[in-house]
Amino acid sequence: MKTWNLTSLLMACVLAFALTSCGDDITYYTIQNSDEMLCSRTWVEEYDTTNEDGVMVSCVHQLKFSTLQNDNSGQEIHQYYYTGEIRPYYETSHNFSWEWLDSTKEGLRIDFGGGNVVYFENVWVREHYLSGKLDGTQVTFTDANYR
């Protein structure tokens, strides 16, 4: 009889803990890309490359997205630096229009005009990072204000 009471008490404790556990209260949040997360920032990526003379240089690649009055526009800037220099020896800048590919907001169509369209696929915009496959190349940009 004592064994039965001890077993009943033990089972009652286990059942009480099982029913009061907070395991079912887990909430999973889905983070979705948005215009607010993408825009009004300067996204920067730095990498080394070889220029047309075969010299190793550093490149600072910037993307800026905006949504002024439903006019999704932006700017892409490339600045090229010789090793140890603080001013670029060459800079290019191109304006573009952009749009999300679909409602999941995981891809961008970037139109530079004149038939020059590139795609930014598998886009992930997080607090300080923008990453994905830009025109076939995997990239990760950092918010310029976070650097």
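**Notebook: salt bridges, barrel and core**

I began with charged pairs and noted that Asp-143 forms a salt bridge with Arg-41, with the closest N and O atoms 3.6 Å apart. Asp-143 belongs to strand β8, whereas Arg-41 sits in the loop between α2 (35-38) and β1 (42-50), so this pair ties together parts that are 102 residues apart in sequence. I keep in mind that the model is predicted. I then looked up the accessibility of Asp-143, which is 8%, and because buried means under 20%, Asp-143 counts as buried.

How many salt bridges does the structure hold? I found two. Besides the pair already noted, the side chains of Arg-109 and Asp-111 meet in a salt bridge, at 3.7 Å from N to O. Here I recorded Arg-109 as partly exposed, with a relative accessible area of 26%, and Asp-111 as partly exposed too, at 21%. As a general point, side chains of opposite charge can pair when their charged atoms come close.

Next I followed strand β5, where the side chains alternate: Leu-108 and Ile-110 point to one face and are buried, while Arg-109 and Asp-111 point to the other and are not. In a regular strand, such alternation between the two faces of the sheet is the general pattern. I checked the neighbours of β5 and saw that β4 is joined to β5 by four bridges, the two running antiparallel, with Ser-97 standing opposite Asp-111. On its other pairing, β5 meets β6 in the antiparallel sense over four bridges, and Leu-108 stands opposite Phe-120 in β6. The hairpin of β5 and β6 has five residues between the strands, and within this hairpin Gly-113 takes a positive phi near 90 degrees.

I then stepped back to the whole sheet, in which eight strands close into a barrel in the order β1-β2-β3-β4-β5-β6-β7-β8, with antiparallel pairing. Neighbouring strands of this sheet are turned by 30 degrees against each other on average, direction ignored. For β2 (residues 56-68) and β3 (residues 71-82) I noted 12 bridges in an antiparallel run, with His-61 opposite His-78 in β3.

Which residues have the most contacts inside the largest nonpolar core? That core has 18 residues, and I listed Leu-38, Phe-65, Trp-98, Leu-108, Ile-110, Phe-120 and Leu-130 as the ones with the most contacts inside it. At least two core residues come from each of β2, β4, β5, β6, β7 (129-134) and β8 (137-143), and β6 gives the most, with four. Looking at Leu-38 more carefully, I found among the residues it touches Trp-43, Phe-65, Trp-98, Leu-108 and Leu-130, with residues up to four places away in sequence not counted. In soluble globular proteins, nonpolar side chains tend to be buried together.

I also looked up a polar residue, Gln-79, which is found in strand β3. Is Gln-79 buried or exposed? Its relative accessible area is 14%, so I entered Gln-79 as buried. A polar contact of 3.3 Å joins the side chains of Gln-79 and Tyr-81, and the residues that Gln-79 touches farther along the sequence include Ser-58, Val-60, Gln-62 and Tyr-90.

Last, I went through backbone angles. Lys-105 has a positive phi of about 55 degrees although it is not a glycine, and it lies in the loop between β4 (90-100) and β5 (108-111). Asn-122, in strand β6 (residues 117-125), likewise has a positive phi, near 50 degrees.

Note on methods:
Residues are numbered from 1 along each chain as its sequence is written. This is a predicted model: local features need pLDDT of at least 70, side-chain atom pairs count only at pLDDT 80 or more; totals for chains, interfaces and linings use all residues. Side-chain values use heavy atoms; hydrogens and water are left out. Two strands pair if DSSP finds at least two bridges between them. Axes are lines fitted to C-alpha atoms, for helices over the stretch in contact, and angles run from 0 to 180 degrees between N-to-C directions. Buried means under 20% relative accessible area, exposed over 50%, partly exposed in between (1.4 Å probe, protein chains only). A polar contact is a pair of N or O atoms within 3.5 Å; within protein, one must be able to donate a hydrogen and the other to accept it, and residues adjacent in sequence count only if both atoms are side-chain atoms. Contact means heavy atoms within 4.5 Å. A nonpolar core is a set of buried Ala, Val, Leu, Ile, Met, Phe, Trp, Tyr and Cys residues joined through side-chain atoms within 4.5 Å. A salt bridge is a side-chain nitrogen of Lys or Arg within 4 Å of a carboxyl oxygen of Asp or Glu.
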